[in-house]
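Here are a few exercises on backbone geometry and enclosed space. Keep the viewer open and work through each one before reading its solution.

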Amino acid sequence: MQLIARAKEAENSRRYVEVEEGAAWVRDYFGRNKAIALNGRAPEHGMDFPQAYLVEQQPNQVADPHFHLIDQFQVVVAGGGLFGKKPIAGIAVHYANAYTPYGPIAAGPDGVHYITMRNRWDSTPAHFMPKCRDQLKPLPRRHVLVDPVRRAEAAELGTLASPLSQDLHATEEDGLGIWRYRIPGGQAVDGPDPAQGGGQYWLVLAGGLLRDGEVLEPMSCVFLSSDEKPIELAAATGGVEMLGLQFPVKH
């Protein structure tokens, strides 16, 4: 499976969501509508289908410690605050196994925006601690918080002579990995083989990615299942900066 979510489409889906624990603006990247358009039915819990949405957590709002039933990445893309006791700003990446509690996420005075990305469908809300402690399962717990990185400026991409890659989190034995690529305009490289993990997201951080005859602007993303060939990271004029996120194989 290979799917594209364009930033403009996500912006058009922006809606205000109120739940028991608070409220936030949300934008859908991969949601129920896309699944129904592809296979004619809504996804079931645990189904191998990508789920991604951007949360605009409001200024000084706190999301209490909680867990989810599906493995997930979160990418901070705007604003800042605290993730647990660690400051988050710029581009910060968090990964958590299913049933691994994490948080709190405390937004600063400018709020904090982050994209939640899953390779399988989670039809349940967040499970907050400590009231949901009895719902935890004895599964391996793991969460990773990568030190924030700075988004590239257009001038930086414009002066690149050759592609650069960086392991933000070295690929683990079960496939979990996080990478950043900066590629000059008109050049291309292949990303890591998806077969080594449980699916990949590729997020455009800066510049433009050439994909299927169009340019994907910043905040657009591509999802690849593990049976797809490696993504071609082809930079549009001016270059591109990409963030790659690979899930571990099912545990």
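Where does Pro130 lie? Keep in mind as you look that this is a predicted model.

**Exercise 1. Place Pro130 and describe the peptide bond from Met129 to Pro130.**

Solution.
- Step 1: Pro130 sits in the loop between β11 (127-128) and β12 (143-149).
- Step 2: Turn to the bond itself. Met129 and Pro130 are joined by a cis peptide bond, with omega about 0°.
- Step 3: For context, most peptide bonds are trans.

**Exercise 2. Do the same for Pro104 and the peptide bond that comes from Gly103.**

Solution.
- Step 1: Omega from Gly103 to Pro104 is near 0°, and the bond is cis.
- Step 2: On the chain, Pro104 belongs to the loop between β9 (91-96) and β10 (105-118).

**Exercise 3. Find the phi of Tyr99, then decide whether Tyr99 is buried or exposed.**

Solution.
- Step 1: Start from the usual case, in which most residues other than glycine have a negative phi.
- Step 2: Tyr99 is not a glycine, yet its phi is positive, about 65°.
- Step 3: The loop between β9 and β10 holds Tyr99, and Pro104 is found in that loop too.
- Step 4: Compare the relative accessible area with the cut-off. Tyr99 is at 10%, and buried means under 20%, so Tyr99 counts as buried.

**Exercise 4. Repeat the analysis for Met219, giving phi, location and burial.**

Solution.
- Step 1: Met219 has a positive phi of about 80° although it is not a glycine.
- Step 2: Its place is the loop between β17 (214-216) and β18 (221-224).
- Step 3: With a relative accessible area of 18%, Met219 is buried.

**Exercise 5. How many cavities of 30 Å³ or more does a search of the whole structure find, and which residues line the largest cavity?**

Solution.
- Step 1: Recall the idea behind such a search: rolling a probe the size of a water molecule over the atoms shows where empty space is left.
- Step 2: Searching the whole structure gives 1 cavity of 30 Å³ or more. The largest cavity holds about 30 Å³ of space.
- Step 3: Gln74, Val76, Phe83, Ile88, Ile105 and Tyr114 form the lining of the largest cavity.
- Step 4: Assign these residues to elements. β7 (72-83) and β10 are the elements that each give two or more residues to this lining, with the largest share, 3 residues, coming from β7.
- Step 5: Sort the lining by class. There are 5 nonpolar residues, 1 polar and no charged ones.

Conventions. Residues are numbered from 1 along each chain as its sequence is written. This is a predicted model: local features need pLDDT of at least 70, side-chain atom pairs count only at pLDDT 80 or more; totals for chains, interfaces and linings use all residues. Side-chain values use heavy atoms; hydrogens and water are left out. Helices (H or I, at least four residues) and strands (E, at least two) are DSSP runs, numbered from the N terminus. Buried means under 20% relative accessible area, exposed over 50%, partly exposed in between (1.4 Å probe, protein chains only). On a 1 Å grid over the protein atoms alone, a cavity is a set of points where a 1.4 Å probe fits but cannot get out, and a pocket is an open set with protein on both sides within 12 Å along at least five of seven lines; lining residues have an atom within 4 Å of a point. Grid points are joined across faces, edges and corners, and a volume is the space filled by probe spheres set on the points. Ala, Val, Leu, Ile, Met, Phe, Trp, Tyr, Cys and Pro count as nonpolar, Asp, Glu, Lys and Arg as charged, and the others, Gly among them, as polar.
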